[in-house]
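I opened this model to look up its contacts and a few backbone details. The entries below follow the order in which I went through them.

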Number of protein chains: 2
Amino acid sequence: MPATLKDVAREAGVNISTASRALNNAFGINVDTRKHVIKVAARLNYRPNQVARGLVTGRSNSLGLLISDIRNPFFAELARGAEDAAFNAGCDLVLCNSDQNAEKQMRYVEFLLAKRVGGIVMNSVTPLDEDQQDRLRAAGVPIVLLNVSSADRHSPAWRFSSVVADNLYGGEIAAKYLIGLGHKNIVHIAGPRTHGAFSDRASAFLKVFRENGLPKPRVVFGEHTFGAAYQSTKQLLGTDRNITAIFAGNDVIAFGCMRALMESGIRIPEDVSILGFDNVEMTQITSPPLTTIDQPKYETGKAAVEILLNMISKDGVREPEHRIIGVHLIERQSCRKISGAAVQDRRTAKR
Amino acid sequence: MPATLKDVAREAGVNISTASRALNNAFGINVDTRKHVIKVAARLNYRPNQVARGLVTGRSNSLGLLISDIRNPFFAELARGAEDAAFNAGCDLVLCNSDQNAEKQMRYVEFLLAKRVGGIVMNSVTPLDEDQQDRLRAAGVPIVLLNVSSADRHSPAWRFSSVVADNLYGGEIAAKYLIGLGHKNIVHIAGPRTHGAFSDRASAFLKVFRENGLPKPRVVFGEHTFGAAYQSTKQLLGTDRNITAIFAGNDVIAFGCMRALMESGIRIPEDVSILGFDNVEMTQITSPPLTTIDQPKYETGKAAVEILLNMISKDGVREPEHRIIGVHLIERQSCRKISGAAVQDRRTAKR
DNA sequence: TGGTCTATTGCAAACGTTTTCGATTATCTG
DNA sequence: CAGATAATCGAAAACGTTTGCAATAGACCA
């Protein structure tokens, strides 16, 4: 139905190839004929068929964004950064939600490959087994990974690019902050153990305690969802009401904790302090506003497609590129300094 | 680099067309040759080039999702519903953020048309002038609109399909609920005046007051963002500290109001009640949890692409289809019943 | 045995571009 | 004015599929 290049050429009285050249402002074409062709194209409301163009050029100028769930506000912000960067480069982003389900994730990858996307930025690759990862590498399409652990990143077998927040440093900040506040009975409610970002945060967090000869905090792994965090916290409260601070693996987890705490009549931060991670927009409107560790999400998404575009322009054969995004503490009102013994007394006395 | 159909055919010792037929399990092909071709294809790790296929079939089996901002949790949930439905139908979704900017929106549309998407679900079309809307209609690609006003939907010139929440009923519920609680000094902090969903909510809201002979609440229009709502509320507080209830155009606006209220030392719901709209997930974790009007977002996105797919299969020439999604009040803890005079006194006495 | 029918396969055109290569013309140089 | 050079354009192949049509071959029937 839409006008084709052939139509334009016929209408302009030139050959199809000159029409093509005129519209792609190539060299070696008369300025008058170009103007004429352009005018005719505008009149016919012609727009080049990207599908046909993609077939001959081999470039589909579209990228894939494969994350676990766009409803997670972290990914929403990241996606926005990615989409903006893609659009600026004249590419489009196809959105895929994998739920971190290995089979679904692989089906999406196949899907994207069949569509001949120029590259993929993926949430993570850890649900995939070795065989699947090999197939991914063999696909020959540039891939940028998010949320990989620092261990994976430094492994020699690792051949993917990546962009991650400095989760190790983040975990360290968290520990030092909570320790500095005088907390002794701390628990870390983390995300999935297999998830690079969460495992990095957890290990760096624990490392600080170990290195300072402090008792190791309890760590509970689980899904990084509101509901799962809520359940974990409820359960925790049933076995131990002495905890004085919670380091949540991310803000959504922190929200789940807060909800459970509120329902149990436990005050924040008077009774227990909560520290989040990510600095999602909603952290400002909870009450109390959540103290958290900021991770530039928009920039992460942006950086990911920039690396992708870079790899594409360099035509694949390249060393993987790793970018680390800085994090920093944002103090709000969900953590309080405790005068150790005093608080401990109040709470133990209560039982 | 990837294996092509020609490779498969050569390797299997058959013609390219039989290879095609074998893999598309068409009729009229020997069962043995089919099995053989399939085996060879698997061995070569062949996956059909969707770009080439799209060129000849004219179908690109991809859809466009053009919204204002994926960071808005409302759209994030909607996008998930849309993406799930698209994926189930073997389509992919390309994500576009327009910021409700007319020029950007139009550029995205051109972009999607050039890519020969099968259809587009768009946030809204109101930023576009008549001329642009005509071009959209003329493009001949199925379009489903979100957030259209009921006025537009019933206009005979309107030729787009749509799926919207029952915003008129929602506005009505809101008014009746707040009135029933005994509130007299109510303000409605709405989204943009030109936005169908917000204008419907506002007009239905006001209509209830008018029909019951009650004084007309103040309405302030603005951006439907956290920051804008925060500013509006701050400003409002400067001129009128007697307000007793706020009906927010949506939850994000409600969050902005809450933040401004909190900062001014005003308690919710003791001093002022807040009623939201949308029932975003975060409404559960604010304190107090937000009373709001639930709008099924996931279902909205799902319904939108279902209509789209339906239109595509019916090959365009169809009456536009409109679907209205039901809404209902969810009572939480951000609204309180007031005994009119008493509260009024306390507050005026304060000044 | 010859003819018709059916099942299976091959041939080639088509989809709408880009791009290489050669052809044509115009311009310039001596 | 002849030849060379440059500028401009056209012809055609190519990208990887699908698909209408023709061709082949065997099967069946008379």
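**Entry 1. Salt bridges over the whole model.** I began with a count over all chains, which gave 46 salt bridges for the structure. The model is a predicted one, and every value I note here is computed from it. As an example within one chain I took Asp84(A), which forms a salt bridge with Arg80(A). The closest N and O atoms of Asp84(A) and Arg80(A) are 2.7 Å apart. I then looked up where the two sit: both belong to helix H5 of chain A, residues 73–88. They are four residues apart there, about one turn of the helix.

**Entry 2. The contact of chains A and B.** How many residues does each chain put into the contact? I noted 56 residues from chain A and 57 residues from chain B. Accessible area lost on coming together is often used to state the size of an interface. For chain B and chain A I have about 5200 Å² buried between them. Carbon and sulfur atoms carry 62% of that area.

Next I looked up the charged and polar pairs. There are 22 residue pairs in polar contact between chain B and chain A, counting pairs with both residues at pLDDT 80 or more. The rule finds eight salt bridges across the interface. One I checked joins Asp92(B) to Lys115(A), with 3.5 Å between the closest N and O atoms.

Which elements give two or more residues to the side of chain B that touches chain A? I listed helix H4 (50–57), helix H5 (73–88), strand S2 (92–97), helix H6 (102–114) and helix H12 (251–263) of chain B. H5(B) supplies the largest share, eight residues. By class, I entered 27 nonpolar, 13 polar and 17 charged residues for this side of chain B.

I also followed strand S2 across the interface. S2 of chain A, residues 92–97, pairs with S2(B) in the antiparallel sense, over three bridges. Within this pairing, Val94(A) has Val94(B) as its bridge partner.

**Entry 3. DNA strand C.** I counted 25 residues around DNA strand C. The ones that come nearest are Leu5(A), Ser20(A), Asn15(B), Thr18(B) and Thr33(B). Of the atoms of strand C that come within 4 Å of the protein, 61% belong to sugar and phosphate.

I then took single distances. Ser20(A) has a polar side-chain atom 2.6 Å from a phosphate oxygen of DNA strand C. Asn49(A) places a backbone N or O atom 3.3 Å from a phosphate oxygen of DNA strand C. On the base side, I found a polar backbone atom of Val56(B) 3.4 Å from a base oxygen of DNA strand C. The elements that give two or more residues to this surface are helix H2 (16–23) and helix H4 (50–57) of chain A, together with helix H2 (16–23) and H4 of chain B. The class count for the surface is ten nonpolar, twelve polar and three charged residues.

**Entry 4. DNA strand D.** For DNA strand D I have 24 surrounding residues, the closest being Arg21(A), Asn30(A), Thr33(A), Leu5(B) and Ser20(B). Sugar and phosphate make up 64% of the strand D atoms that come within 4 Å of the protein.

Which part of Arg21(A) comes to a base oxygen of DNA strand D? An N or O atom in the side chain of Arg21(A) lies 2.8 Å from that oxygen. Tyr46(B) has a polar side-chain atom 3.1 Å from a phosphate oxygen of DNA strand D. For Asn49(B), a polar backbone atom is 3.3 Å from a phosphate oxygen of DNA strand D. H2 and H4 of chain A and H2 and H4 of chain B give two or more residues to the surface near DNA strand D. I divided the residues there into ten nonpolar, eleven polar and three charged.

**Entry 5. Backbone details.** Last, I looked up the peptide bonds and phi values. Ile268(A) and Pro269(A) are joined by a cis peptide bond, omega being about 0 degrees. Pro269(A) is in the loop between helix H12 (251–263) and strand S9 (273–275) of chain A. In chain B, the bond from Ile268(B) to Pro269(B) is cis, with omega near 0 degrees. Pro269(B) lies in the loop between H12 and strand S9 (273–275) of chain B.

I also noted Arg116(A), a residue other than glycine with a positive phi, near 60 degrees. Arg116(A) belongs to the loop between helix H6 (102–114) and strand S3 (119–122) of chain A.

Notes: Residues numbered from 1 in each chain as written. Chains lettered and ligands numbered in written order. Predicted model: local features only at pLDDT ≥ 70, side-chain atom pairs only at ≥ 80, totals over all residues. Heavy atoms only, no water. Contact = heavy atoms within 4.5 Å. Buried area = accessible area lost by both parts, 1.4 Å probe. Salt bridge = Lys/Arg side-chain N within 4 Å of Asp/Glu carboxyl O. Polar contact = N/O pair within 3.5 Å; in protein donor to acceptor, adjacent residues only side chain to side chain. Nonpolar A, V, L, I, M, F, W, Y, C, P; charged D, E, K, R; others polar. Pairing = 2+ DSSP bridges. Near = heavy atom within 4 Å.
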